[in-house]
Structure formats: C-alpha cells, structure tokens
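This report introduces a structure to a reader who has not met it before. The sequence and the model are shown first, and the description follows.

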2 protein chains.
Amino acid sequence: MAKATVHVTLKTGVLDPQGKAIQHALETLGFSGIESVRQGKFIELDLAEADKAKAQTAVEGMCEKLLANTVIETYRVEVSD
Amino acid sequence: MAKATVHVTLKTGVLDPQGKAIQHALETLGFSGIESVRQGKFIELDLAEADKAKAQTAVEGMCEKLLANTVIETYRVEVSD
C-alpha cells in the first residue's frame with residue numbers, strides 16, 4: 001500500500017486573493033512582519049497500489065485530470081510506503 | 001528572512017466530506033484502488049523575522065488564532081531560511 005501526498009499551489013505570478021485575505025486578517029490580529037502569504041491545497045491519498053513508481057504515475061494522472069487546474073496551478077507529488 | 005510552511009489537516013476521526021467528494025470524483029473518472037483521500041490546507045508565509053525559533057513561535061501563534069480551527073484540525077509548522 002502506498003501513501004501519496006499532493007501539494008497544489010498557484011503558479012508564481014498568479015494572484016492569490018485567499019492568501020492576501022489571510023495576510024490582512026493576520027495583520028488585523030496584530031501580527032507584523034508578514035511579507036507574503038500564499039495558500040494551496042494539500043491532499044493525502046491512500047492507494048492499494050504497492051509499486052511506488054506506478055502509484056506516482058497514477059497520482060500524476062489524477063492531478064492532471066482533477067486535482068490541479070494546470071492553467072494556473074502547479075502540483076508536486078510525493079509517494080511513500 | 002524566514003519562510004514558514006504550515007499544513008492544516010483535519011484530526012483523525014473527523015469526517016472529511018471534501019476528501020470523500022474527491023475520492024468519488026476520481027473513481028467516476030476511472031481511477032481505482034483509492035482507499036482514502038483527506039484534504040487539508042497548505043499555507044506558505046514569508047516573514048521579515050530572521051530568527052528561526054522566533055518565527056516558529058510567531059507562526060504557531062497565527063495557527064492557534066486564525067489558521068487552524070484547533071477543535072477539529074491539527075497543524076504542523078516548518079520554518080526554513
């Protein structure tokens with residue numbers, strides 16, 4: 001059984017209104033010295049597939065088809081046992 | 001300048017409807033052998049603070065006050081240069 005971790009983040013240069021909202025809220029709460037905030041998604045999958053290379057390929061397919069909007073987002077897949 | 005990475009995930013045992021929706025959508029698309037999917041948030045912060053220990057403490061404060069709902073979520077903070 002493989003465990004895959006996927007990080008989906010907005011590409012550099014794409015405006016991140018959610019991150020800006022978090023930054024503003026933190027500043028309102030009194031936190032200072034925050035230069036930028038970017039928010040992304042983090043998805044953990046438990047797969048029946050035991051072969052790590054096959055699991056990596058399968059999860060990359062899932063990212064391309066559903067998990068990430070590759071026009072504006074990039075993804076990173078890590079597979080462990 | 002420190003860079004902090006925060007992972008916010010639902011606590012074990014807390015139902016994750018978003019993860020279930022992703023799992024169902026992936027199965028509809030023809031992906032099989034998916035045992036479970038959990039979705040969380042991933043936040044990257046650029047901080048003016050140079051001291052890593054101080055940055056860690058500050059970001060943990062941000063998690064407690066805003067970034068995570070500690071009733072149902074846990075968070076993990078990693079600070080790098």
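Which residues in H2(A) meet which residues in H1(B)? In this predicted model, A:Met62, A:Leu66 and A:Leu67 of H2(A) are in contact with B:Ile22, B:Ala25 and B:Leu26 of H1(B). The residues of this contact comprise 6 nonpolar, no polar and no charged. Helix H2 spans residues 52-67 of chain A, and helix H1 spans residues 17-28 of chain B. Their axes lie 11 Å apart and form an angle of about 100°; H2(A) and H1(B) are therefore roughly perpendicular to each other.

The relation between the chains is considered next. A turn of 180° with a shift of 0.0 Å along the axis lays chain A on chain B with an RMSD of 0.0 Å. This is the relation of a two-fold axis. Both copies use the same surface, since 100% of the contact residues of chain A recur in chain B. Within chain A, the residue closest to the rotation axis is A:Lys41, with its C-alpha at 2.5 Å.

Over all chains, the whole structure holds 4 salt bridges. Among them are the following.

| Salt bridge | Closest N to O distance |
|---|---|
| A:Glu78 with A:Arg76 | 3.2 Å |
| B:Lys3 with B:Asp46 | 3.9 Å |
| B:Glu78 with B:Arg76 | 3.2 Å |

B:Lys3 in strand E1 (residues 2-10) of chain B and B:Asp46 in strand E2 (residues 34-47) of chain B are 43 residues apart, and the pair links distant parts of the chain. B:Lys3 is partly exposed, at 33% relative accessibility, whereas B:Asp46 is buried, at 19%. In chain A, A:Glu78 is partly exposed with a relative accessible area of 38%, and A:Arg76 is partly exposed with 43%.

Conventions
Residues are numbered from 1 along each chain as its sequence is written. Chains are lettered from A and ligands numbered from 1 in the order in which they are written. This is a predicted model: local features need pLDDT of at least 70, side-chain atom pairs count only at pLDDT 80 or more; totals for chains, interfaces and linings use all residues. Side-chain values use heavy atoms; hydrogens and water are left out. Axes are lines fitted to C-alpha atoms, for helices over the stretch in contact, and angles run from 0 to 180 degrees between N-to-C directions. Helices (H or I, at least four residues) and strands (E, at least two) are DSSP runs, numbered from the N terminus. Angles under 35 degrees count as roughly parallel, over 145 as roughly antiparallel, 65 to 115 as roughly perpendicular and the rest as oblique. Contact means heavy atoms within 4.5 Å. Ala, Val, Leu, Ile, Met, Phe, Trp, Tyr, Cys and Pro count as nonpolar, Asp, Glu, Lys and Arg as charged, and the others, Gly among them, as polar. Copies are superposed by least squares on the C-alpha atoms of residues with pLDDT of at least 70 in both. A salt bridge is a side-chain nitrogen of Lys or Arg within 4 Å of a carboxyl oxygen of Asp or Glu. Buried means under 20% relative accessible area, exposed over 50%, partly exposed in between (1.4 Å probe, protein chains only).
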